[in-house]
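Here are my notes on the ligand site and on three helix pairs. Please read them with the model open.

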Amino acid sequence: MPKSYSQIPKVDRILTLPAVEQMLAGQPKPVVLAAVRTVLDRLRATAVHGRLAEPIDEAGLCALIESELARANAPSLHPVVNGTGVVIHTNLGRSLLAPAACRHLAEAAERYTNLEIDLATGERGERYCHVEGLLCELTGAEAALVVNNNAAAVLLALSGLAFGREVVVSRGELVEIGGSFRIPDVMLQSGGILREVGTTNRTHLKDYRSAVTPETALFLKIHTSNFAVVGFTAEVSAEELVAIGREQGIPVMADIGSGCLVDLAPFGILGEIPIRDYVRAGVDVITCSGDKMLGGPQAGIILGRRDLLAELRKHPLLRALRIDKLTLAALEATLRLYRDERQALAEIPTLRMLTTPLAELRAKGQRYLRRLRRQAPAAVRLSPEQGSSQVGGGALPLVDLPSFLIAVEADGWQAQEIDTAFRKSRVPVVGRINRGRYLLDVRTLQECDLPALVDALAHLAALPFKNA
Ligand SMILES: *Cc1c(COP(=O)(O)O)cnc(C)c1O
């Protein structure tokens, strides 16, 4: 059995081994070749002075190639189990789509559609018309436009309405949203000139008023999504800002971040102002995300005055930031569900997860616990635990939603080690650690996650050594 790297057969010879020939029969040669080279590179890199870390025979070599091939052929983007309890988890893809949205998306993917054709006249149409009516109906806005995401919506609105002119923003609202979205940077890119007013904790009406010059194009209000200033604070409300805007003849724009179409206060989720309240307050341009509290696909939604949105429709950036047809299909189907609020709450996963009552979470948790215990290996202990979930997506950082959690323990395993092993499971499981305990929050778990969880638990018990 070869003990040194130089004793391993050369690539040409490896390709003639029966097991590898079988791989070649089923897959293109370059794909198999790449796997062979990867395995050889790895063996060479782990050899010390040419001596292999472990002797390897032909069968062992073929097994390595086979598993490398399987790894290389598996999709890079694949499902994971969200046990974090963060409902709008940006790194895990934010919102799950409602079944109706998935169906509409699949249909738009498989067939030609009337994306940009006016079927009545046969003339070229606008892709935006498929959601504009719904958005106006649901929010009370005069006009609506959709783009790739909210960052694009803000960029387009600033560029279209304030290029080369001043935009007045409170110092308390110059936010950074995760993933390098920073208001001063976006402002710079848009060509707008940032005019900061007030202080970090307090900004008054008079600050906005005294900032006005002939160069002022816009008052901009930004939702401080992912942080809160508490204590000695003062903020100018949208209504008040609209009042000075009218007085000075300056439009008011609000980047409201999450964007919610239903009032979640009855469900104990306080502090998120529904979009239509901003419209009612008279805000001239509103931007928000499609995949945060709205529960749709990644998109940026722009609502507001018809004349201002007409400017944005003509803007050359719109073409670069445009929404694609699959997103549009998913967004339209999601918005349609909101025409019946009860249906939206029942079928849009983000809303459903956010509003599930604790009693229901407990029942679901006990049910999952029973099923997992029945299939978990003996070395693993599962127990119920109280805790709380987060909205996520940068929204409502101070809101804790009481939840039901499942603590996972195994003999000789630290929480951190369980976390690592779960993330390496066939369908990776992402949970959280609190006070040295590894926890899975039932709020963000779904029925279809259970086999993956069983698998992860078995994987834990099967590992001969921790961290193996
Ligand atoms: C999330 C957020 C954004 C960015 O939205 P994306 O849809 O992620 O591009 C911009 N502004 C605010 C206030 C936000 O909360």
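1. Which atom of asparagine 150 lies 3.1 Å from an oxygen atom of the ligand, one of the backbone or one of the side chain? The backbone supplies the contact: an N or O atom of the main chain of asparagine 150 sits at that distance. Bear in mind that this is a predicted model.

2. Two side chains also reach ligand oxygen atoms. Serine 289 places a side-chain N or O atom 2.7 Å from an oxygen atom of the ligand. For lysine 292, a polar side-chain atom is 2.8 Å from a ligand oxygen. On its own, the ligand has 380 Å² of accessible area, and the protein covers 94% of that.

3. Now the elements behind the shell. Two or more shell residues come from α7 (150–162), and two or more come from β11 (252–257). Asn150 and Ala151 are among the residues that surround the ligand. Asp255 and Gly257 also belong to this set.

4. The rest of the surround is as follows. Arg94, Asn149, Ile177 and Phe181 are part of it. So are His223 and Ser225, along with Ser289 and Lys292. By class, the shell holds 3 nonpolar, 6 polar and 3 charged residues.

5. Next, the helix packing. Helix α5 (residues 99–110) and helix α14 (residues 325–337) have axes that come within 8 Å and cross at roughly 150 degrees. Angles over 145 degrees count as roughly antiparallel, so α5 is roughly antiparallel to α14. Their crossing is right-handed.

6. How do α18 and α19 run relative to each other, parallel or oblique? The axes of α18 (residues 415–423) and α19 (residues 450–462) come within 9 Å, with a crossing angle of roughly 120 degrees. The two helices are therefore oblique to each other. The crossing of α18 and α19 is right-handed.

7. The third pair is α2 (residues 18–26) with α4 (residues 58–73). Their axes come within 9 Å and cross at roughly 20 degrees. Angles under 35 degrees count as roughly parallel, so α2 and α4 are roughly parallel to each other. Here α2 passes α4 in a left-handed crossing.

Conventions: Residues numbered from 1 in each chain as written. Predicted model: local features only at pLDDT ≥ 70, side-chain atom pairs only at ≥ 80, totals over all residues. Heavy atoms only, no water. Near = heavy atom within 4 Å. Polar contact = N/O pair within 3.5 Å; in protein donor to acceptor, adjacent residues only side chain to side chain. Areas by Shrake-Rupley, 256 points an atom, 1.4 Å probe, with all protein chains shown as cover. Helix = DSSP H or I, 4+ residues; strand = E, 2+ residues; numbered from the N terminus. Nonpolar A, V, L, I, M, F, W, Y, C, P; charged D, E, K, R; others polar. Axes fitted to C-alpha atoms, helices over the stretch in contact; angles between N-to-C directions. Parallel < 35°, antiparallel > 145°, perpendicular 65-115°, else oblique. Left-handed = near helix turned anticlockwise from the far one by under 90°.
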